Amino acid sequence: MNEVKSDVEKLVQKELKSANQRFPMFRSDHEGAAVIFEKVEEAKDELKSIKSVFEELWYTVKSNEDNEPWVSRIKEYSINLACEAIQVAAMAQKFIDSQKEREKSEGN
């Protein structure tokens, strides 16, 4: 995992940069938490899909049936999950950055 962690951190920064170009900083902690919540829910949905498809995969493995379609779907859902997790991390950083920006504004 350490081999990919630095790559993932770069992807988090890339996602954060893209989000910051499209959307303003969070105006409140409530807004930031709501955005993070939405992203977490999307990640949970992808994980549920993986678990569901894995049950089908396991059935085909035990039955010695063709299982390639199930494995392909698990791969697809796993990539989607990774993307959602990157978005969660990016929004967490945006939350932190938004707090700091608001503190600066309030201090002036």
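A salt bridge here is a side-chain nitrogen of Lys or Arg within 4 Å of a carboxyl oxygen of Asp or Glu. Keep that in mind for the first stop. One caution before you start clicking: the model on your screen is predicted.

**Stop 1: the charged pairs**

Select R27 and E31. Their side chains meet in a salt bridge, with N and O 3.4 Å apart. Now turn on the surface. R27 is exposed, at 60% relative accessible area, while E31 is partly exposed, at 27%.

Next, pick R102 and D29. These two also form a salt bridge, and their closest N and O atoms are 2.4 Å apart. Follow the chain from one to the other: R102 sits in helix α3 and D29 in helix α2, with their positions 73 residues apart, so the pair links distant parts of the chain. D29 is partly exposed, with a relative accessible area of 34%.

Then go to K39 and E42, whose side chains make a salt bridge at 3.6 Å, N to O. They lie 3 residues apart in α2, and that puts about one helical turn between them. An α-helix has 3.6 residues a turn, so residues three or four places apart point the same way. Is K39 buried or exposed? K39 is buried, at 16% relative accessible area; its partner E42 is partly exposed, at 25%. In total, the model has 4 salt bridges.

**Stop 2: helix α1**

Color residues 2-22, which make up α1. With 21 residues at 1.5 Å each, α1 should span 30 Å, and its end C-alpha atoms are 31 Å apart, which agrees. Show the side chains of V12, L16 and A19: these are buried. Now look down the helix axis. The buried residues of α1 fall within an arc of 70°, so they line one face of the helix. Swing around to the other side and you'll find exposed residues: E3, K10, K14, K17, Q21 and R22.

What covers the buried residues of α1? Part of the cover is α3. To see an example, select A19 and look around it: leaving out residues up to four places away in sequence, A19 touches M91 and K94.

**Stop 3: helix α2**

Move on to residues 29-62, helix α2. Its 34 residues should span 50 Å at 1.5 Å a residue; the end C-alpha atoms are 49 Å apart, which agrees. Select its buried residues: G32, V35, I36, K39, A43, E46, I50, V53, L57 and T60. You've met K39 already, in its salt bridge with E42. Here too, the cover over the buried residues includes α3.

**Stop 4: the nonpolar cores**

Hide everything except V12, L16, A19, F26, V35, I36, I86, A90, M91 and F95. These 10 residues form the largest nonpolar core. Color them by helix: α1, α2 and α3 each supply at least two of them. Which helix gives the largest share? That is α3, with 4 residues. There is also a second, separate core of 5 residues; among them are V53, L57, I74 and Y77, so add those to your selection. In soluble globular proteins, nonpolar side chains tend to be buried together.

**Stop 5: the loop after α2**

Follow the chain out of α2 to N64, which lies in the loop between α2 and α3. Check its backbone angles: phi is near 55°, a positive value in a residue other than glycine. Is N64 buried or exposed? At 73% relative accessibility, N64 counts as exposed.

**Stop 6: Q93 on helix α3**

Finish on α3, residues 68-107, by selecting Q93. Q93 is partly exposed, with a relative accessible area of 27%. Zoom in on its side chain, which makes a polar contact with the side chain of D97 at 2.8 Å. Last, draw a distance between the C-alpha atoms of Q93 and G32. The two residues are 61 places apart along the chain, and those atoms are separated by 10.0 Å. G32 is one of the buried residues of α2 from Stop 3.

Definitions and conventions: Residues numbered from 1 in each chain as written. Predicted model: local features only at pLDDT ≥ 70, side-chain atom pairs only at ≥ 80, totals over all residues. Heavy atoms only, no water. Helix = DSSP H or I, 4+ residues; strand = E, 2+ residues; numbered from the N terminus. Buried < 20%, exposed > 50% of the residue type's maximum accessible area, 1.4 Å probe, protein only. Polar contact = N/O pair within 3.5 Å; in protein donor to acceptor, adjacent residues only side chain to side chain. Core = buried A, V, L, I, M, F, W, Y, C linked by side-chain atoms within 4.5 Å. Contact = heavy atoms within 4.5 Å. Expected span 1.5 Å × (residues − 1). Arc of directions from axis to C-beta.
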